[in-house]
Number of protein chains: 2
Amino acid sequence: MNPLPPSASLADSHWPPPFLLYLGNAPDDLAAKTARGLVQFRPEWCVGQFRGPDCRTSVHVPDMGFAEARAAGANTMIVGVANAGGRFGPETVADIVAALDAGMNVASGLHERLTAHPQIVEAARRNGKHLFDARNPPATPVGNGLKRAGRRLLTVGTDCSTGKMYTTLSLETEMRARGLKADFRATGQTGIFIAGRGIPIDAVVADFISGGIEWLSPDRHDGGWDLIEGQGSLFHPSFAGVSTGLLHGAQPDALVLTHEPGRPHMRGLKHYPVPDLRTTLEANLATARLTNPAVIAVGVALNTSKLDDAGAARACRDAEDLLGLPVQDPVRDGTARIIDRLLEAFPC
Amino acid sequence: MNPLPPSASLADSHWPPPFLLYLGNAPDDLAAKTARGLVQFRPEWCVGQFRGPDCRTSVHVPDMGFAEARAAGANTMIVGVANAGGRFGPETVADIVAALDAGMNVASGLHERLTAHPQIVEAARRNGKHLFDARNPPATPVGNGLKRAGRRLLTVGTDCSTGKMYTTLSLETEMRARGLKADFRATGQTGIFIAGRGIPIDAVVADFISGGIEWLSPDRHDGGWDLIEGQGSLFHPSFAGVSTGLLHGAQPDALVLTHEPGRPHMRGLKHYPVPDLRTTLEANLATARLTNPAVIAVGVALNTSKLDDAGAARACRDAEDLLGLPVQDPVRDGTARIIDRLLEAFPC
């Protein structure tokens with residue numbers, strides 16, 4: 001089932017804002033990326049966060065209990081903690097039941113479904129509240145690789161959680177600020193919550209990865225760009241299949257590479273090093289050429305949140321010297337120079 | 001749900017042989033590959049075939065109606081027609097109901113589930129017969145890329161339907177004939193029907209492709225080989241995501257490349273040419289190195305069924321000169337020279 005038909009708005013949905021952001025016992029900042037994305041791109045919808053006793057992160061909105069959040073106007077609790085494998089523990093189930101009993105709807109982007117838990121289903125029923133699983137993908141055809149009208153940009157990365165969604169939203173903001181037509185196309189839970197539609201591409205049946213992206217970004221005839229949110233990495237041994245199908249389905253005209261300088265190893269896998277920028281870019285271009293031989297790279301987006309100003313500037317300069325592409329941290333600098341390069345390569 | 005626990009035998013299952021092979025209105029030989037594989041590797045189980053009025057192929061067992069097949073001893077009808085997207089048409093649904101009414105169980109390897117059709121479920125209930133969907137995958141963890149004990153060989157291909165399953169089974173036959181320990185590990189519907197177990201890797205949730213293969217082929221300490229059935233192609237824009245995750249999860253020590261000389265274009269996609277052997281092999285080795293940097297190629301298996309003897313011999317010789325690997329058609333020649341090369345590279 002599609003999270004929302006294309007014409008609907010989030011306010012009409014079963015997960016109306018404002019939101020309480022559930023962090024549970026998130027072990028680190030990266031685990032809270034759904035909540036952080038909502039705070040960054042929809043701050044007006046985020047009334048508070050709920051943190052468990054072992055929570056190791058914050059998204060810097062007021063801490064609240066369930067009744068308190070409801071009293072502050074929260075209509076929906078967003079379960080924004082992503083674990084590898086995406087399952088609910090017993091504490092999380094109990095917290096979700098408590099949130100429903102406090103009078104909120106509950107929306108989740110985890111692999112495991114809210115509706116798989118009878119206690120949760122029963123609590124929703126007795127309170128007359130809705131459950132929304134953002135990872136229930138729509139049914140789509142298999143991919144066909146046929147050339148589609150319109151232009152597409154895809155974000156790719158050296159690893160998972162390098163800032164693909166943030167970068168894609170930043171590119172949309174920059175293009176729209178210049179009066180260009182550009183639309184963020186969401187492929188992950190947070191993006192779907194922000195955009196109000198999309199496809200949770202890591203949750204589709206494996207044969208339908210590229211077909212799902214063809215569905216997400218069909219023919220486009222208005223001269224605008226689809227800006228497609230990438231997922232995973234060709235170099236992540238758990239998830240590269242998703243990244244490959246995404247590249248083929250997107251048939252991108254332009255790639256933007258994302259990376260976090262200094263990350264010690266692939267996310268969740270201490271025995272796998274992070275690949276270098278050039279290797280990553282060349283592999284992504286080679287894979288993308290199957291469905292669009294003309295694909296080019298137009299920029300690099302670095303996540304320099306762990307560096308000071310001088311370190312961030314140096315990291316950008318080094319990458320720029322290495323690759324001959326504009327390199328920016330979208331959080332510090334925006335993405336204007338990357339869009340300049342895109343428009344040089346693809347004049348309107 | 002796992003099609004069968006590892007220790008069970010097919011005779012104890014809900015889809016006991018012998019079989020009626022349902023071809024329906026299969027448009028060509030490739031569409032009947034499940035039925036053909038069963039006839040080739042389990043001929044003693046195949047009492048007949050059912051063909052519709054527009055069927056364009058045969059697996060060369062007696063044509064039978066449903067009552068006739070049941071009278072001949074068939075316990076289960078195998079729905080062996082694979083369509084892109086894998087859905088049942090209304091004629092197929094009516095035929096399945098008729099087979100159940102004739103007293104057979106029904107097993108299917110299509111993406112769409114038998115149990116999705118109320119008429120089929122009701123017919124099974126009223127006849128006290130079983131339905132088995134071979135594409136219901138087991139739940140597995142996500143992949144972790146950790147090095148596993150034991151040795152693994154994976155078949156890869158220039159395209160879908162190039163003979164990966166046949167080649168893998170031929171390699172198993174050859175190794176066992178030499179007294180070596182070797183086990184076929186099934187990743188597709190036909191292989192699962194032949195092996196009695198396996199994982200339908202194109203039907204798992206996209207995030208779990210490599211994890212599913214890690215589950216299928218765990219640590220092995222007896223000095224034997226897991227021979228893993230490949231799927232799809234890195235160069236097929238519909239399915240390359242599956243092939244990528246399969247390569248990473250298999251962490252193969254050895255690859256065998258499969259190819260059909262003279263195929264005019266990628267299966268189902270007239271606008272995509274078949275890649276050449278060298279390009280395909282290099283791309284597969286490069287992808288496989290992420291989880292096993294020591295991976296090598298040990299041979300090529302050609303499907304020369306459309307060539308005469310001289311043409312087949314020439315095709316093998318040309319490929320051998322090009323790649324410096326033993327090249328055989330498993331159907332014509334078996335795979336002894338490929339196994340010779342494997343044992344040279346990996347002495348027992």
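Okay, let's start in chain B, where strand β4, residues 105-108, pairs with β5(B) in the parallel sense over three bridges. If you want a residue to click on, V106(B) stands opposite L131(B) in β5(B). Quick reminder before I go on: this is a predicted model.

Zooming out from that pair, what order do the strands of this open sheet follow in chain B? There are five of them, running β2-β1-β3-β4-β5, and the pairing is parallel. The edges are β2, residues 46-51, and β5, residues 131-133, and each of those pairs on one side only. On average, neighbouring strands in the sheet are turned by 20° against each other, ignoring direction. Then there's a helix on the sheet: α1 of chain B, residues 33-41, packs there and touches β1 (19-24), β2 and β3 (76-79) of that chain. The direction of α1(B) makes about 150° with that of β1(B).

Over to chain A, and to M77(A), which is found in strand β3, residues 76-79. Buried or exposed, what would you say for M77(A)? It's buried, because its relative accessible area comes out at 0%, and the cut-off for buried is under 20%. Setting aside neighbours within four places in sequence, M77(A) is in contact with a list of residues including L20(A), Y22(A), F66(A), I96(A), M104(A) and V106(A). For a sense of scale, take A177(A): M77(A) is 100 residues from it in sequence and 32 Å from it in space, C-alpha to C-alpha.

Now, aromatics. How many aromatic pairs turn up over all chains? A search of the whole structure gives 16. One I'd like to show is F19(A) with W45(A), an edge-to-face pair at 5.8 Å centre to centre, with 80° between the planes. F19(A) sits in strand β1 and W45(A) in the loop between α1 and β2 of chain A, so the pair ties together parts that are 26 residues apart in sequence. Both F19(A) and W45(A) are buried. W45(A) has another partner too: the charged end of R42(A) sits over its ring, 5.5 Å from the centre. Flip to chain B and you'll find R42(B) over the face of W45(B), with 5.5 Å to the ring centre there. And back in chain A, W15(A), F132(A) and F193(A) make up one aromatic cluster.

Next, the nonpolar core. The largest one has 71 residues, and the members touching the most others are L154, I201 and I213 of chain A, plus L154, I201 and I213 of chain B. Taking L154(A), and skipping residues up to four places away in sequence, the residues it touches include I228(A), L246(A), L247(A), P252(A), L255(A) and V256(A).

Still in chain A, strand β9, residues 254-259, pairs with β10(A) in the parallel sense over six bridges. T258(A) is the residue standing opposite A301(A) in β10(A). Six of the seven residues of β10(A) are buried, so that strand is largely enclosed by the rest of the structure.

Last stop: L290(A), in the loop between α9 (277-288) and β10 (296-302) of chain A. Which residues does L290(A) touch, not counting those up to four places away in sequence? There's H248(A), and then, from chain B, L234(B), F235(B), H236(B), P237(B) and Y272(B). H248(A) is 42 residues from L290(A) along the chain, with 7.0 Å between their C-alpha atoms.

Technical notes. Residues are numbered from 1 along each chain as its sequence is written. Chains are lettered from A and ligands numbered from 1 in the order in which they are written. This is a predicted model: local features need pLDDT of at least 70, side-chain atom pairs count only at pLDDT 80 or more; totals for chains, interfaces and linings use all residues. Side-chain values use heavy atoms; hydrogens and water are left out. Two strands pair if DSSP finds at least two bridges between them. Helices (H or I, at least four residues) and strands (E, at least two) are DSSP runs, numbered from the N terminus. Axes are lines fitted to C-alpha atoms, for helices over the stretch in contact, and angles run from 0 to 180 degrees between N-to-C directions. Contact means heavy atoms within 4.5 Å. A nonpolar core is a set of buried Ala, Val, Leu, Ile, Met, Phe, Trp, Tyr and Cys residues joined through side-chain atoms within 4.5 Å. Buried means under 20% relative accessible area, exposed over 50%, partly exposed in between (1.4 Å probe, protein chains only). Rings of Phe, Tyr and Trp (its six-membered ring) pair if their centres lie within 6.5 Å; planes under 30 degrees apart count as stacked, over 60 as edge-to-face and the rest as tilted. A charge sits over a ring if NZ of Lys or CZ of Arg is within 6 Å of the ring centre and within 35 degrees of the ring normal.
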